[in-house]
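Open the model in your viewer and keep the sequence beside it. The stops below give what to select and what is there.

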Amino acid sequence: MENTNQQEGSTNNSQEEHVESLSGKVAVEKIREIAEKAETCFFCTNIKTGIPFSVRPMAIQEVDDEGNIWFLSLDDSHKNDEISKDPFTHLLMQSSAHAGFLNIYGISEVVDDREKIEELWKPLMKTWFQGGKDDPHISLIRVTPTEGYYWDNRHGNVVAFLKMAVSTVIGKTMDDSVEGPLDV
């Protein structure tokens with residue numbers, strides 16, 4: 001029996017060809033690619049214990065080779081306190097207006113590693129950390145992804161835009177999107 005709920009010409013009818021699961025190093029590289037372009041994310045905590053959960057913008061410092069996402073934070077911040085009670089974290093990133101979307105669930109851990117702080121430190125960070133890189137109240141947050149999903153385009157924003165423009169003129173869908181689960 002034919003499904004009458006599907007609209008003719010809907011991208012959902014052909015979406016299967018746009019799903020590409022990524023795992024291992026390829027998944028880590030996709031996370032790194034989007035995170036480096038995004039530079040910031042919405043960092044959500046208090047997932048299981050808070051109503052509503054807590055959301056704040058955070059600057060992404062690094063995605064390491066294992067796929068962990070690193071942030072700097074003050075050790076007496078609300079987020080550090082929330083992580084100590086509920087380590088489940090949700091990160092949302094967007095690297096451009098029409099591509100590079102990333103949804104990551106993970107487990108956060110507050111880490112005290114002065115060498116890692118030194119490695120990640122940039123002079124502009126003094127805006128948030130008045131005591132500089134040697135401030136004893138700076139801590140690290142490491143988010144270890146447990147689940148993720150991405151939406152992007154296959155050939156970059158220019159090609160995606162050109163395909164959209166041509167598809168508008170010719171009346172045929174020329175979707176350049178790709179999406180899928182990430183298994184780090």
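The tour goes from paired strands to a loop and then to a surface patch.

This is a predicted model, in which local features need pLDDT of at least 70 and side-chain atom pairs count only at pLDDT 80 or more, while totals for chains, interfaces and linings use all residues. Residues are numbered from 1 along each chain as its sequence is written, and side-chain values use heavy atoms, without hydrogens and water.

Select strand 8 (138-153). Strands here are DSSP runs of E with at least two residues, and helices are runs of H or I with at least four, numbered from the N terminus. Two strands pair if DSSP finds at least two bridges between them.

- Add strand 5 (residues 69-74), which pairs with strand 8 in the antiparallel sense over six bridges; Ser73 stands opposite Ser139.
- Add strand 7 (residues 101-111), antiparallel to strand 8 over 11 bridges; Asn103 faces Tyr149 as its opposite residue.
- Add strand 9 (residues 177-183), also antiparallel to strand 8, over six bridges; Glu179 is the bridge partner of Trp151.

Next, select Thr127, in the loop between helix 3 (114-120) and strand 8. Its side chain reaches the backbone oxygen of Leu124 at 2.9 Å. Is Thr127 buried or exposed? Thr127 is partly exposed, because its relative accessibility is 47% (buried is under 20%, exposed over 50%, partly exposed in between; 1.4 Å probe, protein chains only).

Last, select Phe53, in the loop between strand 2 (40-45) and strand 3 (54-59). With a relative accessible area of 42%, Phe53 is partly exposed. Add Phe42, Val55 and Leu92: with Phe53 they make a nonpolar surface patch of about 360 Å². Patch residues have over 30% relative accessible area and no salt bridge, with nonpolar side chains joined within 5 Å and like charges within 9 Å. A salt bridge puts a side-chain nitrogen of Lys or Arg within 4 Å of a carboxyl oxygen of Asp or Glu.

How values were computed: Accessible areas come from the Shrake-Rupley method with a 1.4 Å probe; for residues, only the protein chains shown count as cover. A polar contact is a pair of N or O atoms within 3.5 Å; within protein, one must be able to donate a hydrogen and the other to accept it, and residues adjacent in sequence count only if both atoms are side-chain atoms.
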